[in-house]
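Dear colleague,

I am passing on the structure that we spoke about, with the sequence beside it. Could you look through it before reading my notes?

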Amino acid sequence: MPDEIERKFIVPNEHHALFVGREGGVTMTQAYLSSSPTVRVRVVESADGSVEAKMTVKGKSSDGGLVRSEWEWSIPVEEAREVIAGLNPPSLTKTRHLVTVNGDTWEVDVLVVDAERYLVVAEYEAPTLEQVRNVVLPAWVGKDVTDDLTFAMSHLTTEAARDLAWRKAYL
């Protein structure tokens, strides 16, 4: 059973300019068909015009939210789009940037809350708990929200949920 081992952090407002409007990210539209287990369909559109789709199943988390079982499969893009549009499940669109700091790759997701506000979340994933726990944090990383479901992408599928997460992160 493959595991996803990661930590999640808020990127403080003062560092948003590093990521909001940044060139080269990928756009992800993802919908959630189930929350227990988490079943996600995702369409990824790269800046070069390439498009791919995946279905992911995630199990319950352990170790303070750091570890989850995860299975992922490629699926046809048109089928993924049909699921998202046809079933109208809760969904979100975000821009992801991969950022390398000290040899570690961080996934930084930018979600639009409204015309003037963004929720920016950084995740660090590694193959072992030791690596995830001991990663050197970049200067632009803020509060650790790994075990806070308010910031789980499956919970951020509505404007109201993104607004609540933004208020919790930045007020």
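Below is what was found, beginning with the helix and then turning to the strands.

This is a predicted model, in which local features need pLDDT of at least 70 and side-chain atom pairs count only at pLDDT 80 or more, while totals for chains, interfaces and linings use all residues. Residues are numbered from 1 along each chain as its sequence is written, and side-chain values use heavy atoms, with hydrogens and water left out.

In helix H1, residues 77-86 (helices are DSSP runs of H or I with at least four residues, strands are runs of E with at least two, both numbered from the N terminus), the residues Val77, Ala80 and Ile84 are buried. Seen down the axis of H1, these buried residues fall within an arc of 65° (taken from the directions from the helix axis to the C-beta atoms), so they line one face of the helix. The face turned away from that buried side carries Glu78, Glu82, Ala85 and Gly86, which are exposed; buried here means under 20% relative accessible area, exposed over 50%, and partly exposed in between, with a 1.4 Å probe and protein chains only. The buried residues of H1 pack against strands E2 (26-35), E3 (38-45) and E4 (51-62), where contact means heavy atoms within 4.5 Å. Just after H1, Asn88 has a positive phi of about 50°.

As for pairing, which requires that DSSP finds at least two bridges between two strands, E1 (residues 3-10) and E5 (residues 67-74) are antiparallel over 3 bridges, and Glu4 has Arg68 in E5 as its bridge partner. E4 and E5 also run antiparallel, joined by 7 bridges, and Met55 stands opposite Trp73 in E5. The hairpin of E4 and E5 has 4 residues between the strands, and Asp63 takes a positive phi near 55° there.

With best regards
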